[in-house]
Amino acid sequence: MAASSLSTFSSLSLRSPSRFSPFQSQTHHTFFIPKPILSPFYLLLNPTKFDPIKPNSTTAETTFFDNTDPEEISTYDPPERPEDFIEPASFDDGPMESEEEIAKAYEELYGAAYSGETFLGNDIYAMDSKVKKTTSFGKTKKEKAKDGFDERVVQVRRVTKVVKGGKQLHFRAVVVVGDKKGQVGVGVGKAKEVIAAVQKSAVNARRNIITVPMTKYLTFPHRSEGDFGAARVMLRPAAPGTGVIAGGAVRIVLEMAGVENALGKQLGSNNALNNARATVVAVQQMRQFSEVAQERGIPMEELWK
């Protein structure tokens, strides 16, 4: 009994590691030591320590081209064209584009030209004056937009604004622009200098261009009246040779529009800006005889019956 128990104890001591001393039976057992896990930062600092493919691994395959000469000149052998293949026409073989088509395409991509000519009916008057840098005193000078419109200053007034620290002095300018061919606009601008105020008002006037209806005698087709604020303006057509009989801002607006025979009268306020805008309102209410006949669906001869 003692011998069997001794042999059992000796076999247990040899086959199983001790609970308190794992290194007692190193000669009889092999222990598994896990491989340390390398962090990404360690691999970045030591790239040679990490080799994902071992030399003796079966996953890595190397292909050798023993029959290929690297110095040999290889030629490209394209496939044959099918029998029903039709070669497309060359770009130069097509019809030549006209200058107007090229201008339309350019305007569609980049907008209306600065010269004031449009081919797509865009608004070419909503533009700012061209900026030209000058070396005099380090300031910038603006040139007038060369779009075929003339400018006339109606009024320049000094205005003040009361603020917390005192009063701010500015200048307000009223400018009328027109091409004397039936198009005119009224604008107003305010700045600390007179020149800057005139330039601002000219840009504002170009953004408010209207078309004045006129007959072949360069007069209005019919009577009209317009109101703006407290100002009221009356416009009447005149016979050839009469000239423009009007005063103040009304006369300037009619002259810049190209009207040569007309009668105008200021019936309300004497404010130049309101009278100029009232003239624009009166002009916008006018219509040509052809437009009225077309709306009614009758010939023009029946309008006077």
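1. A salt bridge is taken here as a side-chain nitrogen of Lys or Arg lying within 4 Å of a carboxyl oxygen of Asp or Glu. The model under review is predicted. Arg236 and Glu225 satisfy this criterion, with their closest N and O atoms 3.7 Å apart. Arg236 belongs to strand 8 (residues 231–237) and Glu225 to strand 7, so the pair ties together parts that are 11 residues apart in sequence.

2. The two partners of this bridge fall into separate burial classes. Arg236 has a relative accessible area of 16% and is therefore buried, the cut-off for that class being under 20%. Glu225, at 31% relative accessibility, counts as partly exposed. The pairing also belongs to a wider arrangement: a network of salt bridges links Glu225, Asp227, Arg232 and Arg236.

3. As general background, side chains of opposite charge can pair when their charged atoms come close. In this structure there are eight salt bridges. One of them joins the side chains of Arg287 and Glu295, with an N to O distance of 2.7 Å. Arg287 is partly exposed at 36% relative accessibility, whereas Glu295 reaches 58% and counts as exposed.

4. A further salt bridge lies within a helix. The side chains of Glu100 and Lys104 meet at 3.8 Å, N to O. Both residues are in helix 3 (residues 99–110), where they stand four residues apart, about one turn of the helix. Glu100 is partly exposed, its relative accessible area being 43%; Lys104 is likewise partly exposed, at 32%.

5. Thr219 merits a separate remark. This residue sits in the loop between strand 6 (209–211) and strand 7 (224–228). Is Thr219 buried or exposed? Its relative accessible area is 5%, so Thr219 is buried. Apart from neighbours within four places in sequence, the contacts of Thr219 are Pro213, Met214, Pro237, Ala238, Val259, Asn261 and Ala262.

6. Some figures for the whole chain give the setting for these local points. The protein chain contains seven helices and 10 strands, and 26% of its 305 residues count as buried. The chain exposes about 23,500 Å², of which carbon and sulfur atoms supply 54%. Of the contacts between residues at least 6 apart in sequence, 50% join residues at least 24 apart.

Key
Residues numbered from 1 in each chain as written. Predicted model: local features only at pLDDT ≥ 70, side-chain atom pairs only at ≥ 80, totals over all residues. Heavy atoms only, no water. Helix = DSSP H or I, 4+ residues; strand = E, 2+ residues; numbered from the N terminus. Buried < 20%, exposed > 50% of the residue type's maximum accessible area, 1.4 Å probe, protein only. Contact = heavy atoms within 4.5 Å. Areas by Shrake-Rupley, 256 points an atom, 1.4 Å probe, with all protein chains shown as cover.
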